[in-house]
Amino acid sequence: MTHTGLALSHHALDPLRNQMRGPVLEPGAPDWDRARTIWNAAYEREPVAIARCMGAADVQAAVRFVAEGGHPFAVRSGGHDFAGNSLPDGGLMIDLSLMKGIRVDSQGRRARVEPGVVWGEFDHEAQAFGLATTGGTVSSVGVAGYSLGGGTGHLARSRGLSVDNLTSLDVVTAEGDLVRANEAEHPELFWALRGGGGNFGIVTSLEYRMHRVGPEILAGQIVHPFESARDGLAFYQELMAGAPDELACYPFLMKAPTVEPFPEAHHGRTILIFVVAWVGDLERGREVVKPILDFGTSLFGSVGAMPYVAAQTMFDVGMPKGTRRHSKAQFFGEIDAAAIDTLLEWSEALEGEATAAYFEPQGGAINRVDPQATAYPHRDKAFSFHLVADWTDPARDEAMREWAREFHQAMARHATGGVYMNLMSHDEPDRIPDAYGANLSRLARTKAKWDPGNLFRRNHNIEPG
Ligand SMILES: Cc1cc2nc3c(=O)[nH]c(=O)nc-3n(C[C@H](O)[C@H](O)[C@H](O)COP(=O)(O)OP(=O)(O)OC[C@H]3O[C@@H](n4cnc5c(N)ncnc54)[C@H](O)[C@@H]3O)c2cc1C
């Protein structure tokens, strides 16, 4: 581990400590390891200190401290960045994970949330009022990084992306000022924050539009042998082409875990899992999901009524914190026979341990928004394809990353171009134009206004233009 560019002695941190309500941790502090660890264990870095902010004033103090001292820093909310940007190599981690406020206004159908909140916490509180907004499909994902990049999930096709449900944001700017961004105040900044990620400041509060959801939805998983994958993916393409917006269905290719109820004959072999969520009228949903239940001969699985908060944890077990990951993503218009051939060729013998390759359906409400209405540009895609390579042995880092790159390149022959910024890895600076698409030049102009010195550059960076 290296400490670069920062001579932050204990005493050099005093001015920051004096300005903060929350603690400033240094190595050896009892909470140090927990505070510095992020979801993806492939990034073995160590900050010099961690500023554990308790509110917007602490964030202002931290921003002024790093700006005035020229210290490298990173911003961490839920700590799920695939690219590891929230964990600095040396420098200061500005840690928002203690900022856990959630205030639901059930009459106004709005919720104000602080950036340390993760989706499981937000769903829990919002469901007390029978409400929800589009959130991540793993309950430990942070609301802040997720929402600033786009935000897909079970509700996205019917209620829009997370950026489409953001109504107002509080932001600490590069100058250390605290401003509000919404349709009326600083509308250009509001536009840029909805898809431009952490490029424009540190968000200290997010307000969302809420929707009536649940308390029960239809959800579940159906597991098929690899031999059914070709027909299963062709069936899936056709199903989603005509599916109502309330249906989210993800076909996953991954190795069957070596535990019950996965049949022993399939342990360690690639399987196809349909993960299904219907967020709408339950009776109608039963009709819509019937063809998924009737398809082929499954190994096991079911779809039934379950609490929305439980459905929001369906992916948790497959994506635990603490193993090494490399993420590669791209968009598809159609999953045609040639794309299926390539996918099966690469996934029959998946490298790594809990490696997963899956499609996430787009369309519906996502695509009814003008591509220029928010900074998130990908409004004409049918599917997002995501490969998450997973391993535990550090000696395999390079081999696993190379395998993921090659798999990704093979799939790219069938893709539309473009990439969802929140799924990018650290090795993809050349994909910045793909991530922000036609909105990149407007984003660069907005960056020049709000962060001309590119203080906030530890992200999928937009250079001031
Ligand atoms: C297991 C897993 C499941 C996922 N599922 C989904 C999903 O269903 N749908 C989806 O759309 N995405 C999903 N993602 C991707 C997710 O949206 C991104 O990883 C996102 O960055 C996570 O946000 P975070 O706050 O947890 O991340 P962090 O690592 O804390 O932050 C990531 C980056 O976002 C920026 N940032 C974070 N907080 C702030 C802030 N308060 N102000 C300004 N900038 C900030 C910074 O640049 C930071 O480096 C998933 C990721 C993982 C690892």
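This section describes the overall dimensions, one open sheet with its packed helices, and the ligand shell of a predicted model.

The secondary structure of the protein consists of 15 helices and 18 strands. The C-alpha trace extends over about 65 × 55 × 40 Å along the principal axes. A compact globule of 465 residues would be expected to have a radius of gyration near 23 Å, and the value of 22 Å for the protein therefore agrees with a compact globule. Of the 465 residues, 52% are buried. Among contacts with a separation of 6 or more, 73% are between residues 24 or more positions apart.

An open sheet is formed by 5 strands in the order β5-β6-β10-β8-β9, with antiparallel pairing. Its edges are β5 (102-105) and β9 (178-182); each has a single partner strand, so one side of each lacks a neighbour in the sheet. The average turn between neighbouring strands of this sheet is 15°, direction ignored. At the β5 edge, β5 and β6 (residues 110-113) run antiparallel and are joined by 4 bridges. Asp105 is placed opposite Arg110 of β6.

Two helices lie across strands of the sheet. Helix α3 (residues 56-69) crosses β8 (166-172), β9 and β10, at about 50° to β8. Helix α4 (residues 119-127) lies across β5 and β6 and runs at about 35° to β5.

The ligand is surrounded by 37 residues, of which Gly78, Asp81, Gly142, Gly145 and Gly198 are the closest. Two or more residues of this shell come from each of β3 (73-76), α5 (143-149) and β10 (202-209). The most is given by α5, with 5 residues. By class, the shell comprises 16 nonpolar, 19 polar and 2 charged residues.

Notes: Residues are numbered from 1 along each chain as its sequence is written. This is a predicted model: local features need pLDDT of at least 70, side-chain atom pairs count only at pLDDT 80 or more; totals for chains, interfaces and linings use all residues. The radius of gyration is taken over C-alpha atoms; the globule rule is 2.2 Å times the number of residues to the power 0.38. A residue is buried if 20 or more other C-beta atoms lie within 10 Å of its own, exposed if 12 or fewer, and partly exposed in between; C-beta atoms are placed from the backbone. Two residues are in contact if their C-beta atoms, placed from the backbone, lie within 7 Å. A residue is near a molecule or strand if its C-beta atom, placed from the backbone, lies within 6 Å of it. Ala, Val, Leu, Ile, Met, Phe, Trp, Tyr, Cys and Pro count as nonpolar, Asp, Glu, Lys and Arg as charged, and the others, Gly among them, as polar. Two strands pair if DSSP finds at least two bridges between them. Axes are lines fitted to C-alpha atoms, for helices over the stretch in contact, and angles run from 0 to 180 degrees between N-to-C directions.
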